[in-house]
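Colleague: I would like a close look at a single part of this model, with the reasoning spelled out wherever a label depends on a cut-off. Please take your time over the answer.

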Amino acid sequence: MDSINFKDLLKERGYKLTPQRQAVLDIIIEHNGEHLSTEEIYALVKEKYPDIGLATVYRTLLLLDDMDLVYKLDFDDGLSRYELNNKNEDHRHHHLICLNCSKVLEVQEDLLDTLEEQILTKNKFKVTDHRVKFYGYCEHCSEKE
Ligand SMILES: [Zn+2]
Ligand SMILES: [Zn+2]
């Protein structure tokens, strides 16, 4: 997402591109794959813009989510986490959540094509997207068991 594009998207919605809004998006781009929480994003943006408030970060994230630039994630830890909506991905990647250390891994392969075909045949339901979370134990934690 280049800034010109982001600026236009904001303008369409009647918002201005402020350095703070740009900074929030930049942090998510820089930390792609880390699934940062609102508080973590706030702490990182604050390093650059010490005056920014949590409410501004929070509202910017809602806006980015609404504009489909980011995805809001829920890993059942009570936190809202965000990642970039990577338009190059045909499908969303899947998340593997470790029940022991809470580490989140990503699976890039889409393993659900066959399932989606079955759903279309059996349920006459056309799947366009899915959000999958797998729970279990990461390599490190299963070795310790
Ligand atoms: Zn992810
Ligand atoms: Zn683990």
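Is Glu106 buried, partly exposed or exposed, and what is its relative accessibility?

Modeller: Bearing in mind that this is a predicted model, Glu106 has a relative accessibility of 30% and therefore counts as partly exposed, since that label covers values between the 20% under which a residue is buried and the 50% over which it is exposed. Glu106 is one of the protein donors of the zinc ion (ligand 1), to which it contributes an OE atom. The other protein donors of this ion are His35, His93 and His95, each through NE2, and Glu83 through OE, and the donors lie 2.0 to 2.1 Å from the zinc. Read along the sequence, these donor residues follow the spacing H-x47-E-x9-H-x1-H-x10-E. Within that pattern, His93 sits in the loop between strand 3 (81-84) and strand 4 (94-98), while Glu106 belongs to strand 5 (residues 104-107), so the pair ties together parts that are 13 residues apart in sequence. His93, for its part, has a relative accessible area of 8% and is therefore buried, whereas Glu106 is partly exposed.

The other zinc ion (ligand 2) is held through sulfur, its protein donors being the SG atoms of Cys98, Cys101, Cys138 and Cys141 at 2.2 to 2.3 Å. The angles among its 4 donor atoms run from 102 to 115°, and the site is tetrahedral. For comparison, the ideal angle at a metal with four tetrahedral donors is 109.5 degrees. Along the chain the donors are spaced C-x2-C-x36-C-x2-C. Of these cysteines, Cys138 is buried at 5% relative accessibility, and Cys141 is buried as well, with a relative accessible area of 2%. His140, which is placed in helix 6 (residues 139-144), is by contrast partly exposed, with a relative accessible area of 49%. The C-alpha atom of His140 is separated by 37 Å from that of Leu63, a residue 77 positions away along the chain.

Leu63 leads to the helices. Helix 3 (residues 38-48) and helix 4 (residues 54-66) have axes that come within 10 Å and cross at roughly 120°, which makes helix 3 oblique to helix 4. Their crossing is right-handed, and the contact is made by Thr38, Ile41 and Tyr42 on the side of helix 3 and by Leu54, Val57, Tyr58 and Leu61 on the side of helix 4.

Conventions:
Residues are numbered from 1 along each chain as its sequence is written. Chains are lettered from A and ligands numbered from 1 in the order in which they are written. This is a predicted model: local features need pLDDT of at least 70, side-chain atom pairs count only at pLDDT 80 or more; totals for chains, interfaces and linings use all residues. Side-chain values use heavy atoms; hydrogens and water are left out. Donors are N, O and S atoms within 2.8 Å of the metal (3.2 Å for Na, K and Ca); water is not among the atoms, so sites may look incomplete. Helices (H or I, at least four residues) and strands (E, at least two) are DSSP runs, numbered from the N terminus. Buried means under 20% relative accessible area, exposed over 50%, partly exposed in between (1.4 Å probe, protein chains only). Four donors count as tetrahedral if all angles lie between 85 and 135 degrees; four count as square planar and six as octahedral if opposite donors are over 155 degrees apart and all others between 65 and 115; anything else is irregular. Axes are lines fitted to C-alpha atoms, for helices over the stretch in contact, and angles run from 0 to 180 degrees between N-to-C directions. Angles under 35 degrees count as roughly parallel, over 145 as roughly antiparallel, 65 to 115 as roughly perpendicular and the rest as oblique. A crossing is left-handed if the near helix is turned anticlockwise from the far one by less than a right angle, and right-handed if clockwise. Contact means heavy atoms within 4.5 Å.
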